[in-house]
Amino acid sequence: MNIKTLTRPTNFAQEILKDIIHKGDVVVDATMGNGHDTLFLANMVGEDGRVFSFDIQDLAIENTKRLLQENKIENVCLIQDGHENMDQYIKEEVCAIIFNLGYLPKGDHEIVTKAHTTISALQKSLTLLKKEGLTIMVIYPGHEEGEVEKERILKFTKNLDSTTYHVFEISYTNQNKKPPMILGIIKK
């Protein structure tokens with residue numbers, strides 16, 4: 001790991017996932033965005049693995065589809081639906097799930113992830129997660145809904161059974177008044 005990897009929360013989250021994901025695994029990008037996490041996951045699991053990638057926005061689907069085509073990636077299932085519905089599409093256990101919360105970069109900043117759907121998705125992700133799997137969230141509380149979402153996620157995860165889950169936080173404390181953070185949940 002080089003020091004530049006640690007300076008961006010999304011890169012840091014991916015670096016953590018590198019030790020969890022193996023070729024042939026099933027993984028989830030709960031918030032597709034522009035497809036960068038989806039591409040990362042697809043490369044990690046290889047041709048024999050599978051990626052389920054979710055977003056509600058047409059632009060996210062288009063951008064991700066283009067990125068995957070440019071990189072000749074075919075092991076991804078793009079799903080235009082909210083992450084809170086992931087259990088309707090995924091029937092097998094998954095190794096890792098990544099959430100990159102907030103809004104679509106270069107998209108409509110009025111469309112943001114919401115606390116109630118994210119908590120629902122988080123609950124479902126923990127059910128889908130296999131033993132020693134990881135759900136990781138990059139949280140951006142810099143906008144009003146982001147702060148609400150962060151507080152609800154922290155409250156939810158602090159109450160998870162410690163005999164079943166390990167929960168960790170990494171925060172970029174000097175970034176701004178409401179710094180981004182990484183939250184991870186490992187299923188024991």
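How many disulfides does the structure hold? The count in this predicted model is zero. A disulfide is a covalent bond between the sulfur atoms of two cysteines. The pair must lie within 2.5 Å to count as one. The sulfur of Cys 77 has its closest cysteine sulfur in Cys 95, 18 Å away, and therefore cannot bond to it. Cys 95 is likewise in no disulfide, with the sulfur of Cys 77 as its nearest cysteine sulfur. The surroundings of each cysteine were also examined. Cys 77 is partly exposed, at 25% relative accessibility. Cys 95 is buried, with a relative accessible area of 3%.

Helix α4 covers residues 115-128. Its 14 residues should span 20 Å at 1.5 Å a residue. The C-alpha atoms at its ends are 20 Å apart, so the model agrees with the expected value. The buried residues of α4 include Ala 115, Thr 118, Leu 122 and Ser 125. Also buried are Thr 117, Ile 119, Ala 121, Leu 126 and Leu 128. An α-helix has 3.6 residues a turn, so residues three or four places apart point the same way. The buried residues of α4 pack against three strands and a helix, among other elements: β4 (94-100), β5 (129-139), β6 (165-171) and α5 (144-158). Strand β7 (181-187) is also packed against by these residues.

Leu 183 lies in strand β7. Its relative accessible area is 0%, so Leu 183 is buried. Beyond its neighbours within four places in sequence, Leu 183 is in contact with residues including Thr 135, Ile 136, Met 137, Ile 153, Leu 154, Val 167 and Phe 168. Ser 171 is 12 residues from Leu 183 in sequence. In space, their C-alpha atoms are 8.5 Å apart.

Terms used: Residues are numbered from 1 along each chain as its sequence is written. This is a predicted model: local features need pLDDT of at least 70, side-chain atom pairs count only at pLDDT 80 or more; totals for chains, interfaces and linings use all residues. Side-chain values use heavy atoms; hydrogens and water are left out. Helices (H or I, at least four residues) and strands (E, at least two) are DSSP runs, numbered from the N terminus. The expected span of a helix is 1.5 Å times one less than its number of residues. Buried means under 20% relative accessible area, exposed over 50%, partly exposed in between (1.4 Å probe, protein chains only). Contact means heavy atoms within 4.5 Å.
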